[in-house]
Every structure is written in C-alpha cells, then in structure tokens.
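Here is my note on the model you sent. Please read it with the structure open.

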There are 2 protein chains.
Amino acid sequence: MLMHNPPHPGEVLRELCLEPLGLSVTAAAEALGVSRKTLSAVLNGKAGISPEMAIRLSIAFDTSAESWLNQQSQYELWHAEQHRNELKVKKLVAA
Amino acid sequence: MLMHNPPHPGEVLRELCLEPLGLSVTAAAEALGVSRKTLSAVLNGKAGISPEMAIRLSIAFDTSAESWLNQQSQYELWHAEQHRNELKVKKLVAA
DNA sequence: TACCCTGTAACGTATCGGGTGTCAAAAGCA
DNA sequence: TGCTTTTGACACCCGATACGTTACAGGGTA
C-alpha cells in the first residue's frame, strides 16, 4: 500500500517527457493528436490518463502504455483509499 | 503486450469469488454495500471495476485492490490497442 | 507594439459508475 | 399443481469524466 500522496501522472509526464525535450504543451498536444486543452487538463491533474491517452504517450515517447495506466490506477487508488473507512463493506472471508 | 482477448474482470470476479462461496449476486452486492444492479453490471461486463469497487472487493474477499484495478487496466488497454492504428500520433523520440 | 504560449471558462458530445424502479424467470413451499 | 418470494437483467435518471471547439486573460519575448 502506498504511504505517501503520489503525484498525479500528468506531473510525471511533464517532468519526464515534455521538459527534457523542451516541448511546449501546444507542440506536445499536436504531436499526440489531442487538443491543447485535453493535454493541459492531464498535465494539471484535472483529468486522468485514459487508456487511449496511454497508447498515444507510448507511441510518441516510445514508452510503455501499461506503465502510464498503472501510474493512473495507483493514483486513483490512493485517493480512494483515503475514504476506505466510509465504505460499509462486510468481510466475506477471514482476513 | 497481451495477445489474447482478456476476460472482463467481472467474469473473473464471478468465477473466483462468488461461485466458490456460493454467493448470489444479491448477497454479494449487499455485503459489498452496493446495489444489485451495480454489481450485476460489473459481473456482466457492462461496467468496469472502479477504484472504489476495487477497495470494496479487497475488504470483502481479503484480496489486493491493486490486482483488481490492474486487471481492469489491462482489459481496457487491450480494447484500446485494437484501435491503435486509428490514432494520429507523431513519434517524438526514436523507436 | 505585436506575437506566442499557457491556463481556464463555457458549451456540446459521448461514455461510465451508481442508484431507484420494473419485470420476467427461477426457486421454494403449500 | 399452484402461489409467493427471490433473483437478476433491463430501462431510465443523475453526476462525473474524456474529448472537442471556441474564446478570453495573463505572461514572456522579439
């Protein structure tokens, strides 16, 4: 279980892909085939990385789509875990 | 990269958790704290496993929330991969 | 000044997770 | 054989999200 608040994948994307290449949001969005607004939303944590976006990133940056999607899953899971105690769930098997 | 069409996580959930325990959809939904329809949709592939649902499953069946979420990611990714050639993406780094 | 880049807002589209309600089929029981 | 209960899938509504376009405000730079 993750203990610390993980950064949203968009932040990682900016630091690991855009900045090293000196890419502007506009230029990167154009290359990815999405609108500037869509990429901006991802970069600023307003939107998550969808499976389609993960594939776009894997093509453009020659990376693993799974890794982007897993980062997204871990990020969402961490936030969901913060409300774990609010869920009324009965254990069906012994812990 | 997955080569074969993976089953939707709901199918796995039914076979690995409900059936072994002889649980009905109604009983399982009640234990999970969701409606019958919500669980039914997941079991029949009409809905995916959300982070919240993954945590519910992890509590009820003493399993790993990550594993459920990863299954869901892999499932969505496989389907997105089927349309990879439709994406107009420019490579920004050498393959 | 003029131009580019960025973030953001508004609006429309489609999809999705979740809830309530309905209903036909299945199961249980007299 | 019937009747009642339960079950599970479906139809519809709601809120959130992913994506698009258009437009605007602010910052940096030539």
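The points below go from the protein pair to the DNA strands and then to the salt bridges.

1. Basis. This is a predicted model, in which local features need pLDDT of at least 70, side-chain atom pairs count only at pLDDT 80 or more, and totals for chains, interfaces and linings use all residues. Residues are numbered from 1 along each chain as its sequence is written, chains are lettered from A and ligands numbered from 1 in the order in which they are written, and side-chain values use heavy atoms, with hydrogens and water left out.

2. Symmetry. Chain A is superposed on chain B by a rotation of 180° with 0.0 Å of shift along the axis, and the RMSD is 0.1 Å. This is the relation of a two-fold axis. The fit is by least squares on the C-alpha atoms of residues with pLDDT of at least 70 in both copies. Within chain A, the residue closest to the rotation axis is A:Asn70, with its C-alpha at 3.4 Å. Both copies use the same surface: 100% of the contact residues of chain A recur in chain B.

3. Size of the protein interface. Chain A gives 36 residues to the contact and chain B gives 36 residues. Contact here means heavy atoms within 4.5 Å. About 3300 Å² is buried between chain A and chain B, and carbon and sulfur atoms give 67% of that area. Buried area is the accessible area (1.4 Å probe) that two parts lose on being put together, summed over both.

4. Polar links across the interface. The rule finds zero salt bridges between chain A and chain B. A salt bridge is a side-chain nitrogen of Lys or Arg within 4 Å of a carboxyl oxygen of Asp or Glu. Seven residue pairs are in polar contact between the two chains, both residues being at pLDDT 80 or more. A polar contact is a pair of N or O atoms within 3.5 Å; within protein, one must be able to donate a hydrogen and the other to accept it, and residues adjacent in sequence count only if both atoms are side-chain atoms.

5. Make-up of the interface. On the side of chain A that touches chain B, α2 (25-32), α4 (51-60) and α5 (65-81) of chain A each supply at least two residues. Helices are DSSP runs (H or I, at least four residues), numbered from the N terminus. The largest share, 10 residues, comes from α5(A). By class, this side of chain A has 20 nonpolar, five polar and 11 charged residues. Ala, Val, Leu, Ile, Met, Phe, Trp, Tyr, Cys and Pro count as nonpolar, Asp, Glu, Lys and Arg as charged, and the others, Gly among them, as polar.

6. DNA strand C. It is surrounded by 18 residues, and B:Lys37, B:Thr38, B:Ala47, B:Gly48 and B:Ser50 are the closest. A residue is near a strand if one of its heavy atoms lies within 4 Å of it. Of the strand C atoms that come within 4 Å of the protein, sugar and phosphate account for 50%. Both chains reach phosphate oxygens: a polar side-chain atom of A:Arg14 lies at 3.2 Å, a polar backbone atom of A:Val25 at 2.9 Å, and a side-chain N or O atom of B:Ser50 at 2.8 Å. The nearby surface divides into four nonpolar, eight polar and six charged residues.

7. DNA strand D. Here 17 residues surround the strand, the closest being A:Lys37, A:Thr38, A:Ser50, B:Arg36 and B:Ser40. Sugar and phosphate account for 60% of the strand D atoms that come within 4 Å of the protein. A polar side-chain atom of A:Thr38 lies 2.6 Å from a phosphate oxygen. A polar backbone atom of B:Thr26 is 3.1 Å from a phosphate oxygen of this strand. Two or more residues of the surface near strand D come from each of α3 of chain A, α2 (25-32) of chain B and α3 of chain B.

8. Salt bridges. The whole structure holds four salt bridges over all chains. One of the pairs is A:Glu52 with A:Arg56, whose closest N and O atoms are 2.7 Å apart. Both residues lie in helix α4 of chain A, four residues apart, about one turn of the helix.
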